[in-house]
Amino acid sequence: MDTNPHNIYMDRCFELAAMAASQGESAVGCVVVQNGEIIGEGYEKSRQLKDVTRHAEVVAILDAIQKHGTCEGATLYSNVEPCILCSYVIRHHKIAAVVFNKYCGELGGTNEKFNILTTNAINSWISAPVVHIYNAD
């Protein structure tokens, strides 16, 4: 029996990432979860749409907002750490928790130098989301 509550959502992220890769995109997939239900999902579409802002996290958040009006208090899952751009969108929409599988490097939202995802130094934002690094075990 699978006891890790994150596995089902991360499995979907990996499926979405494979879809992105099959379309020539970076292999990134994302879901937004509220009350145990996936309310939004997306995968990388920047090249396909010729729009640098269409990262998987942004696509998933926009999907959740279109379907449910908000994603405030939700948990966002991604197979890759949200970048600075995505971190701004996450904070703007008041997502409460972020779970990701691997760090993306210098442009990651938790990078000490540009920690948009984790800083509490911006007074107009609510507290930073709780961040979990995913481990399938």
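Which residues are buried in α1? The legends below start with this helix. The structure is a predicted model.

**View 1. Helix α1 and its buried residues.**
Helix α1 covers residues 7–22, which makes 16 residues. From its first C-alpha to its last it reaches 22 Å, close to the 22 Å expected at 1.5 Å a residue. The buried residues in α1 are Asn 7, Tyr 9, Met 10, Cys 13, Leu 16, Ala 17 and Ala 20. An α-helix has 3.6 residues a turn, so residues three or four places apart point the same way. The buried residues of α1 pack against four strands: β1 (29–34), β2 (37–43), β3 (75–80) and β4 (97–102). Just after the helix comes Gly 24, with a positive phi of about 80°.

**View 2. The five-stranded sheet.**
Five strands make up an open sheet, and their order is β2-β1-β3-β4-β5. The pairing in this sheet is mixed. At the edges stand β2 and β5 (130–133), each of which pairs on one side only. On average, neighbouring strands of this sheet are turned by 20° against each other, direction ignored. Helix α1 packs on the sheet and touches β1, β2, β3 and β4. The direction of α1 makes about 145° with that of β1.

**View 3. Two strand pairs, one antiparallel and one parallel.**
Strands of a sheet pair through backbone hydrogen bonds, either parallel or antiparallel. Strands β1 and β2 run antiparallel and are joined by six bridges. In this pair, Gly 29 has Tyr 43 of β2 as its bridge partner. β1 and β2 form a hairpin, with two residues between them. Asn 35, in the turn, has a positive phi of about 55°. Strands β3 and β4 run parallel, and five bridges join them. Here Ser 78 has Phe 100 of β4 as its bridge partner.

**View 4. Two lysines with positive phi.**
Lys 50 is not a glycine, yet its phi is positive, at about 55°. Lys 50 sits in the loop between α2 (46–49) and α3 (56–68). Is Lys 50 buried or exposed? Its relative accessibility is 75%, so Lys 50 counts as exposed. Lys 94, also a residue other than glycine, has a positive phi near 60°. Lys 94 is placed in the loop between α4 (84–92) and β4. Lys 94 counts as partly exposed because its relative accessibility is 35%, and partly exposed residues lie between the 20% and 50% limits.

**View 5. The largest nonpolar core.**
How many residues are in the largest nonpolar core? This core has 21 residues. Those that touch the most other members are Val 32, Ile 61, Cys 71, Leu 76, Ile 90, Ile 95 and Val 98. Two or more residues come from each of β1, α3, β3, α4 and β4. Helix α3 gives the most, with five residues.

**View 6. The surroundings of Leu 76 and a separate core.**
Leaving aside neighbours within four places in sequence, Leu 76 is in contact with residues including Cys 30, Val 31 and Val 32. Its other contacts include Glu 57, Ile 61, Pro 82 and Ile 90. Ile 95, Ala 97, Val 98 and Val 99 are also in contact with Leu 76. Apart from the largest core lies another core, of eleven residues. Among them are Cys 13, Ala 20, Tyr 43 and Val 99. Cys 13 and Ala 20 are also among the buried residues of α1.

Note on methods: Residues numbered from 1 in each chain as written. Predicted model: local features only at pLDDT ≥ 70, side-chain atom pairs only at ≥ 80, totals over all residues. Heavy atoms only, no water. Expected span 1.5 Å × (residues − 1). Buried < 20%, exposed > 50% of the residue type's maximum accessible area, 1.4 Å probe, protein only. Contact = heavy atoms within 4.5 Å. Pairing = 2+ DSSP bridges. Axes fitted to C-alpha atoms, helices over the stretch in contact; angles between N-to-C directions. Core = buried A, V, L, I, M, F, W, Y, C linked by side-chain atoms within 4.5 Å.
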